[in-house]
Amino acid sequence: MKYNAEIVYSKRKTVSITVSDGNKVILRCPIGYSRAMAERFLIDKSSWIDRALSRNERKLNLNADIFAYKNILVNGQKLPLCTGCKRQEITGSGVFVKSLKDLKKLYTYRFAENFKKRLNAISVQSGLQFNGVQIKSFKSRWGSCDGGNNISFNYRIFMLPDHIQYYIIVHELCHTLQHNHSDKFWKLVEVWAPDYKRVKKDLRGYDFLTRLY
């Protein structure tokens with residue numbers, strides 16, 4: 001098999017492929033799906049897999065220092081990461097924590113207040129009203145909006161560049177009117193973030209952060 005893919009069988013009706021940040025190819029299949037069928041499926045999807053692998057290689061090379069926990073992002077800028085420190089702070093010279101488990105508390109303490117002020121300002125400007133806001137630690141998403149229009153953001157949003165933070169705020173605020181990803185939703189996003197398609201592509205370059213810490 002070309003990609004040395006891991007095949008995972010489960011009670012499902014469809015076949016899907018994922019490529020991890022570490023370039024591990026996983027093929028999820030229904031029980032009874034033969035290996036020959038799996039190999040044909042991989043061949044049919046080889047162009048997509050190759051693009052995903054190449055994209056990951058570029059990402060890994062570009063962020064090797066972050067994957068090695070030597071540096072960390074703060075508002076899109078790389079700073080030295082120091083663990084095992086008695087002090088817990090973010091300065092222009094680095095991020096200092098006792099352990100990686102302390103990052104959420106530190107980033108939230110340092111940036112949440114101003115971030116919420118920005119959220120409120122965008123809400124007022126756009127007329128998109130929310131109920132409450134929380135800063136959480138998600139492993140596969142940047143934010144969420146529940147049926148009561150309570151918005152939550154991944155604390156790792158504070159690692160992202162300013163223009164991407166803005167897009168995520170707009171994205172979640174738009175969910176207060178459209179709790180889906182329909183055409184109406186994306187048209188609403190475009191009103192307040194006309195370049196959202198480009199920013200979405202930029203955001204994919206940082207998706208590894210949600211699983212790194």
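Biologist: Which strands does helix H1 lie across, and at what angle does H1 run to S3?

Modeller: Helix H1 (residues 35-44) crosses S1, S2 and S3, and runs at about 130° to S3. Axes are lines fitted to C-alpha atoms, for helices over the stretch in contact, and angles between N-to-C directions span 0 to 180 degrees. Contact is heavy atoms within 4.5 Å. Helices (H or I, at least four residues) and strands (E, at least two) are DSSP runs, numbered from the N terminus. The model is predicted: local features need pLDDT of at least 70, side-chain atom pairs count only at pLDDT 80 or more, and totals for chains, interfaces and linings use all residues. Residues are numbered from 1 along each chain as its sequence is written, and side-chain values use heavy atoms, without hydrogens and water.

Biologist: What about helix H2: which strands does H2 lie across?

Modeller: Helix H2 (residues 46-62) lies across S2 and S3, at about 20° to S2.

Biologist: What is the strand order in the sheet, and is the sheet open or closed?

Modeller: The sheet is open, with three strands in the order S1-S3-S2 and mixed pairing. S1 (6-10) and S2 (16-19) each have a single partner strand, so both stand at the edges, one side of each lacking a neighbour in the sheet. The twist averages 25° from one strand to the next.

Biologist: How do you know that S2 and S3 pair, and over how many bridges?

Modeller: Pairing requires at least two bridges found by DSSP. S2 and S3 (residues 25-30) have four, in the antiparallel sense. Val-19 has Val-25 as its bridge partner in S3.

Biologist: Why is Tyr-196 called buried or exposed?

Modeller: Buried means under 20% relative accessible area, exposed over 50%, partly exposed in between (1.4 Å probe, protein chains only). Tyr-196 has 8%, so Tyr-196 is buried. Tyr-196 belongs to helix H7 (residues 196-204). Neighbours within four places in sequence aside, Tyr-196 contacts Tyr-167, Trp-186, Val-189 and Glu-190.

Biologist: What makes Cys-82 and Cys-85 a disulfide?

Modeller: The rule is a pair of cysteine sulfur atoms within 2.5 Å. The sulfurs of Cys-82 and Cys-85 are 2.4 Å apart, and the pair forms a disulfide. The count by this rule is one disulfide.

Biologist: Are the two cysteines, Cys-82 and Cys-85, buried or partly exposed?

Modeller: Cys-82 has 29%, so Cys-82 is partly exposed. Cys-85 has 11%, so Cys-85 is buried.

Biologist: How far is Cys-145 from the nearest cysteine sulfur?

Modeller: That sulfur belongs to Cys-174 and is 10 Å away, and Cys-145 is in no disulfide. At 17%, Cys-145 is buried.
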